[in-house]
Amino acid sequence: MDNPSTVTESSPAQQVRRAVVVAVKRALRAAGPAGRRTARALTAAHRVWRRSLQLRMGLITLVLSGSLVAGFGLLVADRNTTAQLDGVRQATREQLRLGAEYARDQLSNYPYRGTAADRQITAIVNQLKITPEQGGGVVIALLDDTGEAANAVYPDKASVGTAISPGLRREVAVNHKVASQIVSADIGQNGTRTYLVYGTPVPTGWGYLQLYYFQPMDNAESITSDFRTSMALLGVLLVALLVLVVMLVTRLVVNPIRIAARTAQRLSAGLLDQRMEVRGEDDLAMLASSFNQMAASLQRQIVRLEEMSRLQRRFTSDVSHELRTPLTTVRMAADLIHSERDTFDPAVARSAELLQHELDRFENLLSDLLEISRFDAGFAMLDAEPTDLGPIVRRVVDRLESVAERAGVEVEIVVPETPVIAEVDPRRIERVLRNLVGNAVEHAEGRPVLVALGIDEQAAAVTVRDHGIGLKPGEEKLVFNRFWRADPSRARQTGGTGLGLSIALEDARLHGGWLEAWGEPGNGAQFRLTVPVRAGDRLTSSPLPLMPSADAAVAGLLDVVTPQPPSPAEPTTPAHPAGVA
């Protein structure tokens with residue numbers, strides 16, 4: 001874990017959708033420049049989609065209403081087409097019936113086929129063509145039972161003959177039934193048109209003739225086309241109107257929410273006097289009024305807490321300063337008594353030693369309280385300068401050597417051969433490391449403590465690893481609280497004040513760095529301090545891991561990082577053996 005972050009759980013559907021989006025983006029980026037442009041466009045569109053509720057509502061309304069209107073329009077258009085066709089069928093069939101009766105009556109006086117009968121057939125066809133009930137454009141064809149009497153086909157025997165399908169002719173000529181079909185044909189060289197063809201048998205003295213009516217569908221098709229166009233335009237206008245209404249209604253709802261969000265952001269930025277404008281008495285007005293009441297209540301609570309915090313900080317600072325004067329007097333007296341303890345009775349001499357020890361703790365506690373009050377008041381200043389962290393690490397370990405010896409703990413150091421230069425405040429970094437190493441010695445349970453130093457291009461890090469009692473789940477956050485102890489019944493060995501890790505955390509934040517903890521019960525704990533190499537830079541990762549995986553991981557670190565030999569003025573620190581975690 002390089003950067004602490006809050007993990008937000010998502011549903012399986014969201015995880016699948018996220019995985020699909022990532023896969024599509026990767027595929028597009030792998031497709032070349034065009035794919036990358038498409039991926040960027042899709043990313044921008046997806047960002048707009050996620051951020052605009054008004055746009056989502058408009059698009060959803062467009063899709064749903066468009067689908068419903070299109071389905072309804074197709075259904076109505078189909079019903080209209082069916083009605084038009086049924087009307088033409090009914091009118092043509094009635095005309096066919098009347099024409100068949102007329103032809104049958106006119107040919108009833110001819111017992112056989114001859115020249116007179118052919119002339120009568122021609123007269124019948126001409127009569128039917130000019131009958132007012134037929135309307136303009138209707139084509140009439142009268143064939144004999146064999147279909148070979150070409151001179152009986154009017155007006156264009158070739159085109160009419162090909163327009164009648166064999167199936168239709170078989171139904172009329174062989175089965176003697178009334179049948180129909182819709183065909184597209186060029187009759188009389190007037191261009192290809194759609195016809196409704198109806199045929200019926202006409203009985204005569206020498207057999208059956210076939211009477212066919214070719215009813216043009218131009219009028220019906222024109223009406224159907226105009227109806228579909230009108231339905232399409234009406235559907236588009238209706239969908240556009242619905243989308244516009246939804247967008248306007250959504251805007252009425254979204255605008256107060258956006259205003260509330262902006263007001264909440266200003267409140268979170270410290271502008272506690274920000275309020276929403278209340279208009280009307282509807283639900284949105286109730287929301288604005290409730291929001292204003294909440295903001296006013298929060299403002300009162302925050303102001304009260306700030307005043308209490310200010311008074312508390314002032315009280316702590318004043319008490320700490322006021323205790324300095326009597327403590328100095330007590331310190332002088334205690335030092336005098338402690339220097340003469342050898343001449344006292346053993347019990348009195350022991351009391352003098354205890355008094356000296358507790359005065360040291362009291363002075364440390366006062367110093368820590370003053371430092372905490374400076375952090376709380378915002379007066380802490382960072383005096384950063386390029387500093388080699390290696391000597392600081394060794395100096396801290398050297399100064400705590402006597403404490404480690406009393407606790408039976410061996411402290412080992414792993415530092416790079418090259419200098420680890422970072423822009424830090426040396427005094428504060430040394431105080432952080434002193435607190436971390438002292439805390440590790442306190443809880444090491446007599447086992448070794450490892451202090452490792454690492455650096456990369458952006459950050460420098462120090463880890464302090466012990467193998468003591470460890471931390472329970474959740475305690476890695478509580479360990480930085482003031483005066484918090486994992487086991488309150490456990491006595492301190494190093495005489496800490498309970499504020500060391502809290503001050504260390506504030507020092508790390510002042511550098512713009514991280515101070516993190518990891519631990520497992522019975523497996524020890526590890527603290528990691530990470531600071532930017534250049535003051536003011538933002539951290540994104542750490543050169544050292546927070547959670548030690550296994551002994552082999554430390555052994556691998558030792559293969560890469562060789563311990564730097566101490567200077568002659570410093571005591572020799574034992575090298576860290578391979579395989580020790």
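1. Burial first. A residue is called buried when its relative accessible area is under 20%. E430 has a relative accessible area of 11%, so E430 is buried. Note that this is a predicted model. The points below start from helix 12, where E430 lies, and then move to the sheets and the surface.

2. E430 and its partner. E430 makes a salt bridge with R395, N to O at 3.4 Å. The two residues are 35 apart in the chain, with R395 in helix 10 (residues 389–399) and E430 in helix 12. The pair therefore ties together distant parts of the chain. R395 has a relative accessible area of 27% and is partly exposed. E430, in contrast, is buried.

3. R431 and D507. R431 meets D507 in a salt bridge, with N to O at 3.0 Å. This pair, too, links distant parts of the chain: R431 belongs to helix 12, D507 to helix 14 (residues 500–510), and 76 residues separate them. R431 is buried at 12% relative accessibility. D507 is buried as well, at 0%. The contact also belongs to a network of salt bridges that links D425, R428, R431 and D507.

4. Helix 12 as a whole. The helix covers residues 426–442. Its 17 residues should span 24 Å at 1.5 Å a residue, and the end C-alpha atoms are 24 Å apart, so expectation and model agree. Helix 12 is mostly covered, with 13 of its 17 residues buried.

5. Other salt bridges. The count comes to twelve salt bridges. One of them joins D537 and R534, whose closest N and O atoms are 3.0 Å apart. D537 is partly exposed, at 31% relative accessible area. R534 is also partly exposed, at 40%. The R431 and D507 pair is another matter: R431 is buried, and D507 is buried.

6. The five-stranded sheet. This sheet is open, runs in the order 6-8-9-11-10 and has mixed pairing. Strand 6 (411–414) and strand 10 (514–520) stand at the edges. Each has a single partner strand, so one side of each lacks a neighbour in the sheet. Neighbouring strands are turned by 15° against each other on average, direction ignored.

7. Strand 9. Which residues of strand 9 are buried on its two faces? On one side they are A459, A461, T463 and R465; on the other, A460, V462, V464 and D466. The strand covers residues 459–466, and eight of its eight residues are buried. Both faces are thus covered.

8. Partners of strand 9. Strand 8 (residues 449–455) pairs with strand 9 in the antiparallel sense over six bridges. A hairpin of three residues connects the two strands. Within this pairing, A452 has T463 as its bridge partner. Strand 11 is also antiparallel to strand 9, and eight bridges join them. There, A459 is partnered by P532.

9. The strand 10 edge. Strand 10 is joined to strand 11 (residues 524–532) by seven bridges, again antiparallel. G519 stands opposite A525 of strand 11.

10. The four-stranded sheet. A further open sheet has four strands in the order 1-4-3-2, with antiparallel pairing. Strand 1 (139–143) and strand 2 (179–185) are at the edges, each with a single partner strand, so one side of each has no neighbour in the sheet. The average turn between neighbouring strands is 25°, direction ignored. Strand 3 (residues 193–204) and strand 4 (residues 207–216) run antiparallel and are joined by ten bridges. P201 stands opposite Q210 in strand 4.

11. A nonpolar surface patch. L241, L244, V245, L248, V249, L252, V253, I257 and L287 form this patch on the surface. Together they have about 800 Å² of accessible area. Where does the largest share come from? Helix 7 (residues 218–268) supplies eight residues. Among the helix 7 residues is L241. At 49% relative accessibility, L241 counts as partly exposed.

Notes: Residues numbered from 1 in each chain as written. Predicted model: local features only at pLDDT ≥ 70, side-chain atom pairs only at ≥ 80, totals over all residues. Heavy atoms only, no water. Patch = residues over 30% accessible without salt bridge, like charges linked within 9 Å, V, L, I, M, F, W, Y side chains within 5 Å. Areas by Shrake-Rupley, 256 points an atom, 1.4 Å probe, with all protein chains shown as cover. Salt bridge = Lys/Arg side-chain N within 4 Å of Asp/Glu carboxyl O. Buried < 20%, exposed > 50% of the residue type's maximum accessible area, 1.4 Å probe, protein only. Expected span 1.5 Å × (residues − 1). Pairing = 2+ DSSP bridges. Axes fitted to C-alpha atoms, helices over the stretch in contact; angles between N-to-C directions.
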